[in-house]
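Me: I would like to learn how to read a few features of this structure, beginning with a pair of strands. Could you take me through them one at a time?

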Amino acid sequence: MRGRLAALLFCGLLTSGIGHAQAPASLEPTVEKALSVVRVNVTNQAWDFGRPWGKRTPFTRRAIGAVLPRQRVLVTAELVANANFVEFESAGGGQKVPATVEFVDYECNLALLKTDDTEFLKDLLPLNIGEARIGDQLSVWQIENNGNLLVTHGPMTTAEVLRYPIDESPFLVYRLTAQLQFRDTSFPLPVVKGEKLVGLLQRYDNSANNADIIPAPVIEHFLKDAVQPPYEGFPRLGMGYANTRDPQLRRYAGMKPGNGGIYVTEVLPGGPAAKAGLQKGDVVLKIAGETIDQDGNYNDPQYGRISLSHLVGTRHFHGTELKFDILRQSNPRQLTVTIANRPVESFVIEPYVIDRAPKFFILGGLVLQELSRQYLKEWGADWKKKAPEQFVYLDAQQNELFKDGPKKVVFLSRVLPSEATIGYEEVRSAVVKKVNGVVLQGIADLPKALAQAKDGVHKIEFDGEPGAIYLDAAQVTALEPMLATKYRLPTLQRLE
Amino acid sequence: MIRPIGAVALLLALTLSGAAQPNEIRHSVARVTNTAQDANYRVPWLPGQVGSGSGTGWVISGDRLITNAHVVSNARFLTVEKENDPKKYIATVEHIAHDCDLALLKVQETAFFVGTKPLPLGGLPELESLVSVFGYPIGGERLSVTQGVVSRIDFRTYTHSTVDSHLSIQIDAAINPGNSGGPVMQDGKVVGVAFQGYSGDVAQNVGYMIPTPVIRHFLKDIEDGRYDRYMDLSIGFFNTLNPAMRKALGLTDDDRGVMVSNVQEAGVCAGLLHPGDVLLAIDGLEISSDGMVELEGERVLLSEVAERKYLDDVVKLSILREKQPMEVEVKFTRAWPFTLQAQQYEQQPRYVLFGGLLFQPLSRNLLGAYAFDNLRISYFYDHFISKELYREHPEVIILSAILPDPINTYLAEFREGIVEKINGKIILTLDDMVAAFAEKPEFYVIEFLGTGRPLVLERAAVEAARERINSRYAVPAEQNLDEKIPAA
């Protein structure tokens, strides 16, 4: 739900933000400063998961990157998602150099860029990371056509933990109220306090004048991780929890009245919490010495009461051991959880597939793919309602449904009709269970399964209708050149 | 020489079958006015809104009237009127078949039938032949007659139940609200019952009637005094057009047979057929590779053969299993038991109210009453049969609403949850739930599907809240486990 709203707001600034052009944006005249920003131009071209052999139409976006020490430039990961070409452009225009993505993390929505041209950034003043508190006046930096800074001030109104564009893990967000003017750049925009970078603006709602900012602590975590390869990413616990406001639940769980603590509702098999021995029904009272209240918040010295996700996921790093004080059936215990990042590849249905081509296999005209949320998002912003319901359900409940495998879900997305697929034209969106009797753990298992054809016939079995279909193995092979030519397919399979 | 004989034969046929004359038809068509009370699924202990509507009915043998089920659904008070007779006669529903949208009415005073003539049933009309629709549609008070031609004979969904499909005939005569239940006549015989139009602006002059095989099926089914509903094989099948599939299944190149793709565990074919079997013939009728059979000169889906069966009838299937020919006999021991996806009528909603929490089984009616925006609920509804979810959830029990009270202040997050267990016991039906709540543990611990926390209610608190909730919200009964209510 949030992701959808955010996407909507994102379009808002690009298209209709012009309406604010006459509004007074800056209380002080634009000052000549030593610039610490560059324009970043990116040509993105995403893979088309509906037609996995090809890419979508490329499009170009302009944004503003914050120049950091060591000649690095910080932008959002969204900006460089599926980037074909990245370039830096001087603020006043004119000068351009090619750039590359050094590190990118789609979960925290940050990317670090660099250029081989050591001259290009040398005269710019690098920004250091600062810190901000609720009530501080922050400045959003944009660039005028003439290269001058356009500075918009606004107060930071909240700091809270929210879901980021990749709808998986929650992170801290600063919220700023400011009336931004429309310029030819989209996001990110640097957000500065004093002469220090305190965040990157990633979303703007031009009806409420609210800006969502990736805050300094998330940026610092990302940068520290990037300095010491391998980049490990933001850690998580691998558990779900519920608040314990309900006094009846508290008494049932043997908790004292008004004594904080969260109720563990889910422990992901193989995750950090599971490895530490945490169980469903445990009550977590403290993490790393910080008292956890009944809503799952702790008292942060900088931001006050905020979600434990910030404590675990941002303030600490992958591989850190955290002490948990818990109650199990009313008895206090201590556990040590070694927090860890969950690599996107470990999901059965991957929440995002960016910078990676979709895997597929065209078998005589049957298009077989691996199910991912990226595929479902081909149905647009309203994909949760419009994509095949069974797939949306599998994705949403994947932690419950795939405890015993498979590793990936292979499905038939559509049929490119051919002589081999007569009678199968209407089959679509069907989960493949077995091919020639071989249970598929992923699409990479297909070649070895296809080698098992019986009497020259491939048998493809589905979970549900139509049960099973058959293909003539020799015909499938013979049809390959025809399929490639007629349907203009550059390749009939991509398994890696 | 031949012609006169033909003419005599035709005349004879008319006399013998008692074809009705135009004025007799008019006298035998009645306006049916229904005062209905639809159940309230939102507040299931309330009696529901009263409204009224009208349709058309016609006289058949035995001093009875035929109309559509949707004309007399949820009836509390029914009247029928004839042309040229000012009196309103009180009628009652004798039989109602929601799965084929037909109903049979009795009229209290036999005086109603004076001057009427039972209309005889005909057969399937020819394509392009002319038919006349009699009824009391909107646009006037008196009987209306419209004419059109038979455009198409096809299997079609009957919108009254929303899930049942039977043979239906499309005609291009105007069918408007109020026509429902009226006879469609050809050569003095009833060839159909007008019952639905085409929704939307795209189609014009599209009306549908229930053809006589469906009417006769209904009349035969109720001969024993009870309506048993349509029989159904409860299987899925898939075409065998593909040569590789035909080879793998051991079929020759004769365009025959369909592959069984699914056998419902709760259906009559469970254990008798298996996915992968090939159906070659049904009751001796050859099945073509797209699932059609030829029945009385029409190419129809093989399901139509099962459609024409009754409770305890047997259907003979010639199949190929693992390439071996076999004969299978399937006895229709019961109609399909799970009607969650079908619109329900004449029922008082089932519910349990406990601690201010309202639990109701998932149904089309419930979805119509609540604007649930819940992926799990829509999945359970849409895939209830295709994924055989009824095996673990014969009733999908939803916490549909909460009557706010201090006892449930912190429970709002559980709304729209599907109940899985109470105090460790799996809950299959509302009756299981009542049994679990009848026990006296210290805590009632309700677990829902998914990964949320358990809902905990203290027994002492529930008992203390009971009177308070019932009186504050004027709840006359904390549960209803019987669904049937007497029809008018």
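Reply: Gladly, and please keep in mind throughout that this is a predicted model. Let us begin with one bridge pair: Ile362(A) stands opposite Val367(A), which lies in strand 23 of chain A. That pair belongs to an antiparallel arrangement in which strand 22 of chain A is joined to strand 23 (residues 366-370) of chain A by four bridges.

Me: What lies between strand 22 of chain A and strand 23 of chain A, and which residue in the turn has a positive phi?

Reply: The two strands form a hairpin with two residues between them, and in its turn Gly364(A) has a positive phi of about 60 degrees. On another side of the pairing, strand 22 of chain A also runs antiparallel to strand 29 (residues 493-494) of chain A, to which two bridges join it, and there the bridge partner of Phe360(A) is Arg494(A).

Me: Which residues of strand 22 of chain A point one way, and which the other way?

Reply: Phe360(A) and Ile362(A) point one way from strand 22 (residues 360-363), Phe361(A) and Leu363(A) point the other way, and all of them are buried.

Me: Where in chain B could I read a hairpin by the steps you have just used?

Reply: Take strand 17 of chain B and strand 18 (residues 298-301) of chain B, which pair in the antiparallel sense over four bridges. Glu294(B) has Arg299(B) in strand 18 as its bridge partner, and in this hairpin, which has two residues between the strands, Glu296(B) takes a positive phi near 50 degrees.

Me: Ser289(B) is in the loop between strand 16 and strand 17 of chain B; is Ser289(B) buried or exposed?

Reply: Ser289(B) counts as buried, because it has 20 C-beta neighbours inside 10 Å, and 20 or more is what the term requires. Leaving out residues up to four places away in sequence, Ser289(B) touches several others, among them Asn239(B), Asp255(B), Arg256(B) and Val258(B). Ser289(B) and Asn242(B), 47 residues apart in sequence, are 9.3 Å apart in space from C-alpha to C-alpha.

Me: How should I read burial along a helix, and which residues of helix 8 of chain B are buried?

Reply: The general idea is that an α-helix has 3.6 residues a turn, so residues three or four places apart point the same way. In helix 8 (residues 375-382) of chain B the buried residues are Ile377(B), Phe380(B) and Tyr381(B). Seen down the helix axis, these buried residues fall within an arc of 100 degrees, so they line one face of helix 8 of chain B. They pack against helix 7 (364-369) and strand 23 (397-402) of chain B.

Me: How many residues does each chain give to the contact between chain A and chain B?

Reply: The contact takes 32 residues from chain B and 32 residues from chain A. On the side of chain B, the elements that give two or more residues include helix 8, strand 13 (235-238) and helix 5 (243-249), and helix 5 of chain B supplies the largest share, five residues. By character, the residues on that side of chain B divide into 16 nonpolar, eleven polar and five charged.

Me: How many residues does the largest nonpolar core have?

Reply: The largest nonpolar core has 127 residues, and those with the most contacts inside it include Leu368(A), Val72(B) and Leu102(B). A second, separate core of 68 residues includes Val284(A), Phe359(B), Val419(B) and Val462(B).

Technical notes. Residues numbered from 1 in each chain as written. Chains lettered and ligands numbered in written order. Predicted model: local features only at pLDDT ≥ 70, side-chain atom pairs only at ≥ 80, totals over all residues. Buried ≥ 20, exposed ≤ 12 C-beta atoms within 10 Å, placed from the backbone. Contact = placed C-beta atoms within 7 Å. Core = buried A, V, L, I, M, F, W, Y, C linked by C-beta atoms within 7 Å. Pairing = 2+ DSSP bridges. Arc of directions from axis to C-beta. Nonpolar A, V, L, I, M, F, W, Y, C, P; charged D, E, K, R; others polar.
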